[in-house]
There are 2 protein chains.
Amino acid sequence: MKAVVLVSGGMDSCVTAAIARKEHEAEELHFLHVNYGQRTEKRELKAFHDIADFYGVPAERRLVCSIAHLSQIGGSSLTDPSIPVSEADLDNPGIPTSYVPFRNAHFLSIAVSWAEVCGAKRIYIGAVYEDSSGYPDCRPEYYAAFNELIRLGTACGDIRVETPIIGLTKAQIVQRGLELGAPFHLTWSCYRNEEVACGTCDSCALRLRGFEVAGVPDPLPYVVRPHYG
Amino acid sequence: MKAVVLVSGGMDSCVTAAIARKEHEAEELHFLHVNYGQRTEKRELKAFHDIADFYGVPAERRLVCSIAHLSQIGGSSLTDPSIPVSEADLDNPGIPTSYVPFRNAHFLSIAVSWAEVCGAKRIYIGAVYEDSSGYPDCRPEYYAAFNELIRLGTACGDIRVETPIIGLTKAQIVQRGLELGAPFHLTWSCYRNEEVACGTCDSCALRLRGFEVAGVPDPLPYVVRPHYG
């Protein structure tokens, strides 16, 4: 069964790709990457291609889309240069400035359109809810609603979104990735920098805490490595 | 209350804009147009701006997005030049070649992101189900599911999609537009041509039948005007 995997290039999507690879044959994998005007777009795209190379996904099964509208619309520190990327505050349950309004619906819509045309019946997305930044479009209920939308809004009706790591902590994601041989060294998570990860944005903080709790070193270079554990 | 109106430039979105104008103040209206690589993109964009001018929507409340991925993905006669636009067959209940896989989810996602940033609480879309081409993403249940998705997937949770003409026939849409003074002469519906409407594609056929049944002349020029009534 063919599958479309959303691969941003971060650790979550990398482990999700590893899980998709375990559940599907290599030749069934289709990798999708979306540039949406985020600050670290170039570095993430490199990570996408490196991970696709690692899993042997050829060019004709990679789709790279560039959408300008999320940065046209703004409202997030990831897409609007006038809003600074805030320092991580893992104890604060609010929605951080990095929230891109309704972002995942754009990604999933592209994935569903592609799946309908290429005949894929599964879409994998590395959404994480338990140990995350609190984005509303990472909740399990959101994906249940999206699956209902697909059932009603496609010609075939039987495509399903899978969120295999949604209930895992970052430490569990690191562990799962290690078990499956996921190429963490090829990934990129930092919201702020493209060469050496900052270590203090939300995404770096969650990642570093995950590796720390899992008790393994993160292979990426960091400007600073605070302890978040 | 601010509202985002999806304005493709066709008669359905024009009447929907007229309804939105009736329900909101002129200065609350935000008009959104999406170019997605469809054949008649240029002509539709002109119709969008003409209708926006008609309703006094200034540049800062118009958003025009161009998305390349629907034509990258293909699968529709509207976005893939190798698939011909089929002749209308209004008695055949199948999904025509003009179906663009999961298209409306892309449009609505952009509308929701914009609404979240500009503070709009209503999104108007001119989806028509009863008297339509049978696209799955025009069903009322699809919009109910989308509203659930918005409730779960946005920070604010209280944006709602309105489909004021979904249950109307094309003739009723023409009537409603006439009552509200909708500028039909500024619209464009043909899937095939950009100067003189073909008169025989699905979209022309549905439109011509609507005007015919309503008993009023369609102000647009047509290559041929078959009777579909």
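How many of the seven residues of β2(A) are buried? Six of the seven, so to speak of β2(A) as mostly covered is fair. I will come back to what lies around that strand. First, a caution: what you have in front of you is a predicted model.

Let me start with the sheet in chain A. It is an open sheet of five strands, in the order β3-β2-β1-β4-β5, and the pairing is parallel. At the edges stand β3 and β5, the latter covering residues 160–162; each has a single partner strand, so one side of each is left without a neighbour in the sheet. From one strand to the next, the twist averages 25 degrees.

Now the pairings in chain A. Strand β1(A), residues 3–6, runs parallel to β2(A), and four bridges join the two. On that side, A:L6 stands opposite A:L32 of β2(A). Three bridges join β1(A) to β4(A), residues 122–124, again running parallel. There, A:V5 stands opposite A:Y124.

Two helices of chain A lie across this part of the sheet. Helix α1(A), residues 11–23, lies across β1, β2 and β4 of chain A, and runs at about 165 degrees to β1(A). Helix α2(A), residues 41–54, lies across β2 and β3 of chain A, at about 175 degrees to β2(A). Strand β2(A) therefore has both α1(A) and α2(A) lying across it.

Next, chain B. Its sheet is also open, with five strands in the order β3-β2-β1-β4-β5 and parallel pairing. The edge strands are β3(B), residues 62–66, and β5(B), residues 160–162, each of which pairs on one side only. Three bridges join β1(B) to β4(B), and in β4(B) the bridge partner of B:V4 is B:I123. Helix α4(B), residues 103–118, packs on the sheet and touches β1, β2, β3, β4 and β5 of chain B; its direction makes about 145 degrees with that of β2(B).

One residue of chain B deserves a minute. Is B:Y124 buried or exposed? With 29 other C-beta atoms within 10 Å, B:Y124 is buried, because the cut-off for that is 20 or more. B:Y124 is found in strand β4(B). Leaving aside its neighbours within four places in sequence, its contacts include B:A3, B:V5, B:L6, B:E162 and B:P164. B:V5 in turn touches, among others, B:T16, B:A20, B:L32 and B:Y124.

That brings me to the core. The largest nonpolar core has 149 residues. Those with the most contacts inside it are A:V5, A:L32 and A:A111, together with B:V5, B:L32 and B:A111. In soluble globular proteins, nonpolar side chains tend to be buried together.

Finally, how the two chains meet. The contact takes 35 residues from chain A and 35 residues from chain B. On the side of chain A that touches chain B, the elements giving two or more residues are β3, α3, α4 and α5 of chain A. Which of them gives the most? That is α4(A), with nine residues. By class, this side of chain A has 21 nonpolar, nine polar and five charged residues.

As for symmetry, a turn of 180 degrees with a shift of 0.0 Å along the axis lays chain A on chain B with an RMSD of 0.0 Å. The two copies are thus related as by a two-fold rotation axis. The same surface serves both copies, since 100% of the contact residues of chain A recur in chain B.

Key: Residues are numbered from 1 along each chain as its sequence is written. Chains are lettered from A and ligands numbered from 1 in the order in which they are written. This is a predicted model: local features need pLDDT of at least 70, side-chain atom pairs count only at pLDDT 80 or more; totals for chains, interfaces and linings use all residues. Two residues are in contact if their C-beta atoms, placed from the backbone, lie within 7 Å. Ala, Val, Leu, Ile, Met, Phe, Trp, Tyr, Cys and Pro count as nonpolar, Asp, Glu, Lys and Arg as charged, and the others, Gly among them, as polar. A nonpolar core is a set of buried Ala, Val, Leu, Ile, Met, Phe, Trp, Tyr and Cys residues joined through C-beta atoms within 7 Å. A residue is buried if 20 or more other C-beta atoms lie within 10 Å of its own, exposed if 12 or fewer, and partly exposed in between; C-beta atoms are placed from the backbone. Copies are superposed by least squares on the C-alpha atoms of residues with pLDDT of at least 70 in both. Two strands pair if DSSP finds at least two bridges between them. Axes are lines fitted to C-alpha atoms, for helices over the stretch in contact, and angles run from 0 to 180 degrees between N-to-C directions.
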